[in-house]
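Colleague: I would like a close look at one part of this protein. Please take the charged surface patch, and set it against the whole chain.

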Amino acid sequence: HHTQITLSRNENCEIYTEATIYLHTTSTNAPISNPQYQALKYKIISNGTELTENLDGTTVDGIITTTSGDEELITVPLTEDATDYDIYIWIDQDISQGEYNGKTYEGYIYASSTQTSTIVE
């Protein structure tokens, strides 16, 4: 599955803001929390580049493990320039070993922003 979100802040905003992209799982009977079958994966691409690091320097691991509720995918700076983020979600067949056959997953992607400073960086 693929979806795209576009994030920006108002040009009149003079504060430094970060945005976090989340995956919210509403329902699943897939074994995504079982380390042996963590085959539900994601990647985020912006401007043709795969994003592999959060703003705080932590690695984006690309494995979905939350069976209910929010899972933080990545935190990015929110700028005046509209930025597209392409989010891809798939099942890695080399890991799933048939354990995902006949299973369902329901969820959605959303973003939330947080002011972190009164000064634009």
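Modeller: A word on the overall fold comes first. This is a predicted model. Take the contacts between residues at least 6 apart in sequence: 82% of them join residues at least 24 apart. The secondary structure consists of 1 helix and 7 strands. Read from the N terminus, the order is β-β-β-β-β-β-α-β. Along the principal axes, the C-alpha atoms fill a box of roughly 50 × 25 × 25 Å.

Now the patch. Glu 11, Glu 14, Glu 80 and Asp 81 form a negative patch on the surface. Take Glu 80 as the residue to inspect. Glu 80 sits in a loop, with strand E5 (69–78) before the loop and strand E6 (83–91) after it. Is Glu 80 buried, partly exposed or exposed? Glu 80 counts as partly exposed because its relative accessibility is 42%, and that class lies between the 20% limit for buried and the 50% limit for exposed.

Next, the charges of the whole protein. There are 19 negative side chains and 4 positive ones. The centres of these two sets are 9 Å apart. Glu 11, Glu 14, Glu 80 and Asp 81 carry negative side chains.

Last, the surface and the interior. The accessible surface is about 7,200 Å². Carbon and sulfur atoms account for 41% of that area. The protein has 121 residues, and 37% of them count as buried. To find the patch on screen, start from the loop between strands E5 and E6, where Glu 80 is found. Then look for the other patch members, Glu 11, Glu 14 and Asp 81.

Terms used. Residues are numbered from 1 along each chain as its sequence is written. This is a predicted model: local features need pLDDT of at least 70, side-chain atom pairs count only at pLDDT 80 or more; totals for chains, interfaces and linings use all residues. Side-chain values use heavy atoms; hydrogens and water are left out. Patches are made of residues with over 30% relative accessible area and no salt bridge: like charges are joined within 9 Å, nonpolar side chains (Val, Leu, Ile, Met, Phe, Trp, Tyr) within 5 Å. Accessible areas come from the Shrake-Rupley method with a 1.4 Å probe; for residues, only the protein chains shown count as cover. A salt bridge is a side-chain nitrogen of Lys or Arg within 4 Å of a carboxyl oxygen of Asp or Glu. The place of a charge is taken as NZ of Lys, CZ of Arg, CG of Asp or CD of Glu. Helices (H or I, at least four residues) and strands (E, at least two) are DSSP runs, numbered from the N terminus. Buried means under 20% relative accessible area, exposed over 50%, partly exposed in between (1.4 Å probe, protein chains only). Contact means heavy atoms within 4.5 Å.
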